[in-house]
Structures are given as structure tokens and as C-alpha cells.
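Hi everyone, thanks for coming. I'd like to take a few minutes to walk you through one model, so have a look at the screen.

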Amino acid sequence: MAYYIQDIQEQFSIVEEEIVEYALNNKIKIGKNGAISDRTYQTIFDFYSKETDDVHKPVLILNGNKIEVKDKPVFESENKRISIFRDDSVNFLKNLPTASVDVIITDPAYSGMNQKLKFGKGKIIGKYSDAGKSDAKWFEEFHDTEENYKAFLKECNRVLKKNRHIYIMFDSYSLLTLAPIVRDVFDVKNILCWDKVNIGLGHYFRRRHEFIMFASKGKRPLNSKNIPDVWRIKRVVASKYPTQKPTEVFELMLKGSAEKDFVVCDPFLGSGSSAIAAIKNNCKFLGCDISEKSISFSKERIEHFLNTQTDIYQKSSLLGNDEAMTKLFGNG
Ligand SMILES: C[S@@+](CC[C@H](N)C(=O)[O-])C[C@H]1O[C@@H](n2cnc3c(N)ncnc32)[C@H](O)[C@@H]1O
């Protein structure tokens, strides 16, 4: 007896009586305090997955705009292991079946940083008024109000399987405003620091780092006990996609939490770095971005990588000079 009917309730938000009735009708045994066997859990789980998939058709109005639901991938690799969608992140997640993802690795577009600019005189890349236009340097942002962020986390929790991990990147501002909300939904385990090795812009102290929140749904150990909580990885310079992150940042997340054939999900795909990391780790991948530019970048990058094993948008390793990092990537 590894599970309880409460586990099913949590996944699908249904009342206990409904599950008990289903169990009685199907001659399924429920033990003391609602304990059920692994097999029973799977049977009931499969039943409700089918039921709720139909219910989860999205009707989401974000920032006053009704966003069209696109449930067909705009790109799918020949072996069907990699799919990317053009959609709003919450809509996209709402279209995924419950408990269909093994690890979420994501770097959301936080509008707070750019709208409020509370930390120094940050600069918006390109014209803000161009946001969302296909030739714009900048992109339409995910409006990170508490309400939207909660809806986003709730969907992340629903699609993630039990006993699995999630990694969410934060800048300094969003770490103070939105990161605490993660605790209401996931079990926060640590905050990791991505040390970019060289200093960047910044009004008071020059920025050299970003944060990555590491959390779990249920219990799951890391794959390795030797991963430090500061990751020295240089930034991508002169990228054609303004927020491109090094693939090594996502590779490290997967080194900690993925197994072969795991389904990796990134609802803020950007230039496709997380997808490349998933392929390198023999994982399947589901990604989404609202911007046309992101989709064309990622599509080109993923196809090229699958055909040649070379990354057109990150030509060389960006690992910093650090013994722990070198060992983890198998060069030491
Ligand atoms: C910080 S970037 C991700 C960069 C990515 N990690 C990389 O390495 O290239 C955030 C991405 O979120 C996308 N985005 C903004 N609002 C979105 C929304 N509502 N739904 C999905 N994606 C959105 C932007 O187009 C942008 O590509």
C-alpha cells in the first residue's frame, strides 16, 4: 500500500465519496485510512485522467486578451520525442494531461523587473511598444501578477507527476515578490545561484547572478549528492535571442532530476536551450512559447541539433573554471 485515495483527490480535485463509489462499483479494495495498492492507484488514476482531459479545455483571458488555444504542436521531431507549441504558458499547460510530465525546467518572462525597475535602471531590449510583433527584439511578457503566477504554478503542479522535481529561474526582483508563492504549491528544497562568472549591467552592484528555485512534488532524492548550489557558467554573449541561457544551466537541472526517457517540460521556451539540454540527456521534451520568434529559433535549433549533434546557437561550452562543474560534465 504505497498510496492513499487522498493522493488521487489531490491530483484531480475530486471528493472522497466519488472515488469510494467508483471503487465499490469496480470492486476495488480500499484499505485502512484510504490506503490503496500501486495497481489500484494506477487504475483509478488512469480513469480520472481520461475524464479530466476533456474538462481541461482552456478558457483563459490573460491581460484582457482572449488567447486562442492551439493544441497541435507547431513542431514535432520525426521520432515524436520533441514537441513545441506556440501558446500562452498557462493555456499550454491546461492542455496537457494531469501527471504527464516528469520534470519542469523553466525561465519565465517576468514583467515586474521591466515594468517597475526597482533594482537600478534596467533597460528594456528593443522598444517596449514593439512587444509581441514578429520582428520585435523584445517579446510580449507573461504578466506576472500574483493571480497569474498562482494559476501558472497550479497548472505546473497538476501536470507534474508525483515524486518529481521543478526548477524555476528568478531574477532578484521576482525572487522577492513571486518566489514565496511557490511554497504554497510545491515543497521548496533550495535556491540555487547561477554565477555568470563575468559582471553584467547594474546600477548599484553589477549583476553577476540569477536564482533558480528547486522544489518538489512529493519525495524524490537528487540523482547525485555532488552538485553544488552555486553554478559557475558563463552567459551567452551576442545571442540573436535576447534572453538565451546557456544549455549547461538546464543540463545541470536534468543531471539532478532526470532519467532516460523522462518527459521534460518548459512552458517559456525562448531560444530552445532547455530542449537541447533534454535531447542531450536522452529525455523527451514538451515546450511552449508565445512568441513567433522563439518558435522559429527553437525549431531551427532543435532540427539542426537532431541532425548534426551540433548547436547552432551555442557553439561551445560555457562552463566556468570550477572543479565541481568540470567533474559533473565529465571532463575532470
Ligand atoms: C526569459 S525568456 C526564456 C529564455 C530561454 N530560457 C532561453 O534560454 O532562450 C522567457 C520567454 O517567455 C516567453 N513568454 C512571454 N510571455 C509568455 C507567455 N504568456 N506564455 C509563454 N511564453 C511567454 C517569451 O517570448 C520568452 O521567450
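Let's begin with Asp102, which counts as buried because its relative accessibility is 3%. Do keep in mind that what you see is a predicted model.

So which residues meet the side chain of Asp102? One is Lys161, in a salt bridge with 3.1 Å from N to O. That pair joins distant parts of the chain: Asp102 belongs to strand E7, residues 101-106, and Lys161 to strand E8, residues 160-170, with their positions 59 residues apart. Lys161 has a relative accessible area of 27%, so we call this residue partly exposed.

Asp102 also forms a salt bridge with Arg164, and there the closest N and O atoms are 2.9 Å apart. Again we are linking distant parts of the chain, with Arg164 in strand E8 and Asp102 in strand E7, 62 residues apart. Arg164 counts as buried, because its relative accessibility is 16% and the cut-off for buried is under 20%.

Now please turn to helix H6, residues 146-159, where you'll find Glu146 and Lys150 sitting 4 residues apart, about one turn of the helix. Their side chains meet in a salt bridge as well, at 3.8 Å from N to O. Are these two buried or exposed? Neither, really: Glu146 is partly exposed at a relative accessible area of 47%, and Lys150 is partly exposed too, at 42%.

There is also a network of salt bridges, which links Arg81, Lys260 and Asp261. Altogether, the model has 17 salt bridges.

Let's move on to the ligand. There are 24 residues around it, and those that come nearest are Asp88, Ser89, Tyr241, Ser271 and Asp289. By type, the shell divides into 10 nonpolar, 7 polar and 7 charged residues.

Where do nitrogen atoms of the ligand meet polar atoms of the protein? At Ser89, a backbone N or O atom lies 2.8 Å from a ligand nitrogen. Asp107 brings in its side chain, with a polar atom 2.9 Å from a nitrogen of the ligand. Then there is Ile290, where a polar backbone atom is 3.3 Å from a ligand nitrogen. And how much of the ligand does the protein bury? Taken alone, the ligand exposes 600 Å², and the protein buries 98% of that.

That's my tour. Thanks for listening, and I'm happy to go back to any of these spots.

Key:
Residues numbered from 1 in each chain as written. Predicted model: local features only at pLDDT ≥ 70, side-chain atom pairs only at ≥ 80, totals over all residues. Heavy atoms only, no water. Near = heavy atom within 4 Å. Polar contact = N/O pair within 3.5 Å; in protein donor to acceptor, adjacent residues only side chain to side chain. Areas by Shrake-Rupley, 256 points an atom, 1.4 Å probe, with all protein chains shown as cover. Nonpolar A, V, L, I, M, F, W, Y, C, P; charged D, E, K, R; others polar. Salt bridge = Lys/Arg side-chain N within 4 Å of Asp/Glu carboxyl O. Helix = DSSP H or I, 4+ residues; strand = E, 2+ residues; numbered from the N terminus. Buried < 20%, exposed > 50% of the residue type's maximum accessible area, 1.4 Å probe, protein only.
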